[in-house]
Amino acid sequence: MSSSVHEKYEAVIGLEVHAQLLTESKAFAPVSTEFGGSPNTQVSPLCLGHPGTLPVLNENLVRYIIKMGLATNCDVARKSIFARKNYFYPDLPKGYQISQYDTPICHDGHIDITTDGEDKRIGITRIHMEEDAGKSIHDQDPYHTLIDLNRAGVPLIEIVSEPDIRTPAEAYEYLKRIKQIVQYLEICDGNMEEGSLRCDANVSVRPIGREKFGTRTELKNMNSFRNVERAIQYEIDRQIALIEDGGEVIQQTLLWDANKMETRTMRSKEEAHDYRYFPEPDIPPVVVTDEMLGEIKEKLPEMPDVRKKRFRDDFDMSIADAQTLTEDRYLADYYETVLSYVDYPKAVANLILSEVLRVLNEQSIGIKDFSISEERLAGLIELREGDKINSSAMTEIFDAMLEEDKEAEILAKEMNLIQVSDSSFIEPIIDEVLEKNPDEVERYKDGKKGLIGFFIGQVMQRSQGKANPNMVREIISERLDD
C-alpha cells in the first residue's frame, strides 16, 4: 500500500494491559501463586468452584493496585465494589470471573511517553482488580485440550488506556513504561513470555480530520513488545486496505499469529452487557482509609522519571546515560550502592554502561544475578581512580573478577598489574631511555613536543607496564624542559 494512502488515515489505539501481581497467595484463596508448579497442584475448593465456598480478599491485591494507581497519577476511589463477570470460561470452573465493572478502584490517570524525541501524555481510563483464569493447553494431546488450574484465581490488575495512542511505536513505548512502573513498584515481574504481563489492543482507523472513531477490533495473543507493535501495524494496514477496497471493518476479536505475521478471527467482539455483570454478593465493598492511603504513599519508591532527573542533576549525567541507568530499578540501585563506597559518579557510570551491561547482555541475565557485588566493583574503581592501575589493566581485572570471587586489589597484585608510583623506581628508567635516544631528545627540544609519547612508551615498555604513566609524563617533561 502506498504511503499516500496511509497518510489519509490515522489510527486510534487503546491498550488493555493485565499485570499478574507478585502476591504470595491468590486473590481470594490462601493458595500459592508460585510460577512453575506441577499442573493442578496449586488449587483449593475455592479455585475449583465448589459450592458453598466463600472468597476472602487478599489485602495485598488492594495495596498493590493502589501503588499502581498513585504511580500513574490516578484518583483512588475510597469505596469500590467487586462484580461477577459471567462468561464461558473453560479454565475457570465456577463459570464467572470476580472483577470490577462500574466502580474501579483507580481511575482518570495518565503516564507520559517519549517517541521520536516528542513527549506525549496517554490517559488511563481505569485500573481495576480481578482474578486470572486457568490455562488451556492445546498442543500436548492431539485429541484433547488439557487444563491447568494453577493460575486460576491469581490476582491481576487491568490497566485500561484512553484511546490516545496513534502509532504502533507509541503503543510500544506505553507498554514499556507500564512494565517499568510495575517493576519499580515490585508488584509484577513484567515477564510477557511467562504471561505475567499481557496486552490486548483495540485498533480502529479513521480518515484524518474526522472526530468519530472507526469500528474497532481487539487483538490478542501478543507475547512480546515487538509482537504488540507488529500486530497493531498489521491491523492498521488491513483495515485501511479493506476500507479502500470498499469493504467494511467488522467488530471482532482477532488472534495474532507471530509465525505467519498475520491475524485470524477468534470470535465476534463482546460488549459489556454480554458479560451480565452484577455486584459480587460474597465480598463486601473495598474501603480505602486515609491512613491506608497515606501509608502506601509514604512507602512508594522514587519513580523512574524523578530518578532520571536526579541522576542528571546530582551526577552531571547525560540524558542518554541517565535513561539507561534508570530503565531498570535494580540497575539504578546497583549504581547508587557502588557510589556509597566511592565518590566517582562518572567513572562508576562509565564502567556499568560499558563492561557491566556488556556482561548482562552476553549472559542474558539481570543485575540481580551479576557476579560482582557493588563493594567489589567499587574497589576496582578505587584502584583506577587512585592511579594504581591503568585502563587496560582495569578491563583485565574486571574479567578476572567475573571468574573469581576476589577483591580487585588482590587480583591486581596476583596479576602483577599494580602501577608503581615510586620515583626511585621510575627515574633510573627514564634516565636510561633519554640517554639511549639523544637524537629524539634534541628533536623534542627543537619543538617536536609530540615525541613525549615516544619516551613514555619506551619507559612503559622497560618497566613492563608497571610505571605510573602520569608520573612518567611529569618527570620526562621536567627533565626535557629543564
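Colleague: Which strands make up the open sheet of three, and in what order?

Modeller: The order is β5-β4-β15, with antiparallel pairing. Keep in mind that this is a predicted model.

Colleague: What makes β5 and β15 the edge strands?

Modeller: Each pairs on one side only. β5 covers 96-99, and β15 covers 278-279.

Colleague: How do you know that β4 and β15 pair?

Modeller: Pairing needs at least two bridges between the strands. Two bridges join β4, residues 83-86, to β15. The criterion is therefore met. One partner couple is A83 and P279 in β15. The two strands run antiparallel.

Colleague: What about β2 and β6: how many bridges join them?

Modeller: Two, between β2 (residues 75-76) and β6 (residues 106-115). At least two are required, so β2 and β6 count as paired. D75 has H107 as its bridge partner in β6. The strands run antiparallel.

Colleague: How many bridges link β6 to β7?

Modeller: Nine, in the antiparallel sense, with β7 spanning residues 118-131. I111 stands opposite I122 in β7.

Colleague: What lies between β6 and β7 in their hairpin?

Modeller: Two residues. D116, in the turn, has a positive phi of about 55°.

Colleague: Which residues touch the most other members of the largest nonpolar core?

Modeller: I66 and Y174, in a core of 108 residues. Membership requires burial and side-chain atoms within 4.5 Å. Buried means under 20% relative accessible area.

Colleague: Which residues does Y174 touch, leaving out those up to four places away in sequence?

Modeller: L15, V17, I111, I113, I122, I124, I159, S161 and I165. Among them are I111 and I122, the residues that stand opposite each other across β6 and β7.

Colleague: How many residues are in the second, separate core?

Modeller: It has 18 residues, including I426, I429, L434 and F455.

Colleague: Why are helices α13 and α15 called oblique?

Modeller: Their axes cross at roughly 125°. Roughly perpendicular ends at 115 degrees, and roughly antiparallel starts over 145. The angle falls between those limits, so α13 and α15 are oblique to each other.

Colleague: How is the packing of two helices described in general?

Modeller: By the angle between their axes and the distance between the axes. Here the axes of α13 (residues 423-436) and α15 (residues 452-462) come within 9 Å. The crossing is right-handed.

Colleague: Which residues make the contact between α13 and α15?

Modeller: From α13, I429, I430, E432, V433, L434 and K436. From α15, F455, Q458, V459 and R462. I429, L434 and F455 also belong to the second core.

Notes: Residues are numbered from 1 along each chain as its sequence is written. This is a predicted model: local features need pLDDT of at least 70, side-chain atom pairs count only at pLDDT 80 or more; totals for chains, interfaces and linings use all residues. Side-chain values use heavy atoms; hydrogens and water are left out. Buried means under 20% relative accessible area, exposed over 50%, partly exposed in between (1.4 Å probe, protein chains only). Contact means heavy atoms within 4.5 Å. Helices (H or I, at least four residues) and strands (E, at least two) are DSSP runs, numbered from the N terminus. Axes are lines fitted to C-alpha atoms, for helices over the stretch in contact, and angles run from 0 to 180 degrees between N-to-C directions. Angles under 35 degrees count as roughly parallel, over 145 as roughly antiparallel, 65 to 115 as roughly perpendicular and the rest as oblique. A crossing is left-handed if the near helix is turned anticlockwise from the far one by less than a right angle, and right-handed if clockwise.
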